[in-house]
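Me: I'd like to learn how to read a fold from its model, feature by feature. Can you walk me through one?

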Amino acid sequence: MTRASIGLDGALQDYVVNHTQPLDAVQSALVARTTELGPPSGMQIGAEEAQLLTLLVRLTNAQHAVEVGTFTGFSAIAIARGLAPGGKLLCCDVSEEWTSIGRAAWQEAGVADRIELRLAPAAETLAALPDEEYIDFAFIDADKPSYWTYYSELVPRMRTGGVIAIDNVLWGGQVVDAEPQEESTRLMKEFNDKVAGDERVDVVMLPVGDGVSLVYKR
């Protein structure tokens, strides 16, 4: 059972997963290994979102991809598998412990040669990237207060037609609270509003997992 998309009961969630490309043995083993971590395992995306990432990367014919927030490497496998021949994925994270689980899985999945992991604050890693419009695909799923910082570094570097996928934009449904009590909810609402008003992009928000915004660079 993967994490349910917001608004879906267990039966509908199972139906969605059962009618989506199934995970292979390496992916399933990584999900199981991550589940053993306990509460932190909630940071892992669901099976249907992983397969969506692979499809999006293929549709954009991506060669240059960036992931902000790698955790145990499940989404990185999904992105790396969708890359065009010769494509590379840059993963940004700060945890040696969690990404070590991912590195082992990348080897088993046969995608380790396509992935570069940089253990450093993602804002610093992104700011140091070339000031060119060359990135084809990006995925943001890291600390929520820094979402706008990551987005602001990525958008100028996305090529026209490039796509950014952003996770957790529905924040457990709390984004509809008129006066949110939690700072994290307020920041997510502000972030979503800024993206919706960004004239450099087109955006569609999907109720997949905890909400995924797909941002298309004009």
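Me: Let's start with packing of helix on sheet. Which strands does α8 lie across, and at about what angle does α8 run to β6?

Reply: One thing to keep in mind throughout: this is a predicted model. Here α8 lies across β5, β6 and β7. Its direction is at about 135° to β6.

Me: What is the strand order in the sheet, and is the pairing mixed or not?

Reply: Strands of a sheet pair through backbone hydrogen bonds, in either the parallel or the antiparallel sense. In this model seven strands make an open sheet, ordered β3-β2-β1-β4-β5-β7-β6, and the pairing is mixed. At the edges you'll find β3 (115-119) and β6 (201-206); each has a single partner strand, so one side of each has no neighbour in the sheet. From one strand to the next, the twist averages 15°.

Me: Let's zoom in on β4. Which strands does β4 pair with, and in what sense?

Reply: Strand β1 (residues 64-68) pairs with β4 in the parallel sense, over four bridges. Strand β5 (residues 158-167) is also a parallel partner of β4, this time over five bridges. To find the register, look at who faces whom: E67 stands opposite F139 in β4. Towards β5, I135 is opposite M158, and F137 has V163 as its bridge partner.

Me: How does the chain get from β4 to β5, right-handed or left-handed?

Reply: The unit is β-α-β: β4, helix α7 (residues 147-154) and β5, and it is right-handed.

Me: Is β4 enclosed or open to the outside?

Reply: Side chains of a regular strand alternate between the two faces of the sheet. So a useful check is to go residue by residue: six of the six in β4 (residues 135-140) are buried, which means that the strand is largely enclosed by the rest of the structure.

Me: What about the nonpolar cores? How many residues has the largest one, and which have the most contacts inside it?

Reply: The general idea is that nonpolar side chains tend to be buried together in soluble globular proteins. The largest core in this model has 31 residues, and L53, I77, I79, L89, I115 and F137 have the most contacts inside it. Several elements supply at least two residues each, including α3 (47-59), β2 (88-93), β4 and β7 (212-217). The top contributor is α4, with six residues. Another core lies apart from this one; it has 28 residues, among them A122, Y151, M158 and V175.

Me: Take I115 as a test case. What is I115 in contact with, leaving aside its neighbours within four places in sequence?

Reply: You get A76, A80, L89, C91 and W106.

Me: Last feature: aromatic pairs. How many does a search of the whole structure find?

Reply: Five aromatic pairs turn up. Take Y147 and F191: their ring centres are 5.4 Å apart with 75° between the planes, an edge-to-face pair. That pair links distant parts of the chain, since Y147 sits in helix α7 and F191 in helix α8 (residues 183-196), 44 residues apart. Both Y147 and F191 are buried.

Me: And W148 with Y151, stacked or edge-to-face?

Reply: Read the plane angle, where under 30 degrees counts as stacked. For W148 and Y151 the planes are at 25° and the centres 5.0 Å apart, so this pair is stacked. Both lie in helix α7, three residues apart, about one turn of the helix. W148 is partly exposed, with a relative accessible area of 28%, whereas Y151 is buried at 0%. Put together, Y147, W148, Y151 and F191 form one aromatic cluster.

Notes
Residues numbered from 1 in each chain as written. Predicted model: local features only at pLDDT ≥ 70, side-chain atom pairs only at ≥ 80, totals over all residues. Heavy atoms only, no water. Buried < 20%, exposed > 50% of the residue type's maximum accessible area, 1.4 Å probe, protein only. Pairing = 2+ DSSP bridges. Right-handed = clockwise from strand over helix to strand, strands pointing away. Core = buried A, V, L, I, M, F, W, Y, C linked by side-chain atoms within 4.5 Å. Contact = heavy atoms within 4.5 Å. Phe/Tyr/Trp six-rings, centres within 6.5 Å; stacked < 30°, edge-to-face > 60°. Axes fitted to C-alpha atoms, helices over the stretch in contact; angles between N-to-C directions.
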